[in-house]
Amino acid sequence: MASKVEQQMKMCSYDKKMTLHYRNSETPNWALHIVLTLLTGVWLFVALYMAVKGGKQGLWTCSQCGTTQK
């Protein structure tokens with residue numbers, strides 16, 4: 001899983017103004033899943049599970065006050 005930080009301008013529930021929010025998220029390495037599926041064939045079931053499950057995404061955190069929200 002590759003980790004990345006997403007950023008977005010959102011309304012802060014505490015400050016009641018638009019601030020920069022960030023969250024950590026993980027996405028599968030699809031190139032690796034494709035190669036493993038082509039080599040083994042059995043890996044297709046793991047790749048399908050990952051596609052249905054999706055990546056992990058954390059809560060949005062305000063960069064000004066530190067509060068978290070969905």
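**Close-up views: charged pair and cysteines**

**View 1. One salt bridge turns up in a search of the whole structure.** The model is predicted. The bridge joins the side chains of E6 and R23. Nitrogen and oxygen sit 2.8 Å apart, which puts them inside the 4 Å cut-off for a salt bridge.

**View 2. The E6–R23 pair links two strands.** E6 belongs to strand β1, residues 2-11. R23 belongs to strand β2, residues 18-27. The contact therefore ties together parts that lie 17 residues apart in sequence.

**View 3. The partners of the salt bridge, E6 and R23, fall into separate burial classes.** E6 is partly exposed, at 22% relative accessible area. R23 has a relative accessible area of 15%. That value is under 20%, so R23 counts as buried.

**View 4. C12 and C65 are not bonded to each other.** For C12, the closest cysteine sulfur is in C65, 3.5 Å away. Seen from C65, the closest cysteine sulfur is in C12, again at 3.5 Å. A disulfide needs the two sulfur atoms within 2.5 Å. The pair is therefore too far apart for a bond. Across the structure, the disulfide count is zero.

**View 5. Surroundings of the two cysteines, C12 and C65: buried or partly exposed?** C12 has 1% relative accessibility and counts as buried. C65 is partly exposed, with a relative accessible area of 32%.

Definitions and conventions: Residues are numbered from 1 along each chain as its sequence is written. This is a predicted model: local features need pLDDT of at least 70, side-chain atom pairs count only at pLDDT 80 or more; totals for chains, interfaces and linings use all residues. Side-chain values use heavy atoms; hydrogens and water are left out. Buried means under 20% relative accessible area, exposed over 50%, partly exposed in between (1.4 Å probe, protein chains only). Helices (H or I, at least four residues) and strands (E, at least two) are DSSP runs, numbered from the N terminus.
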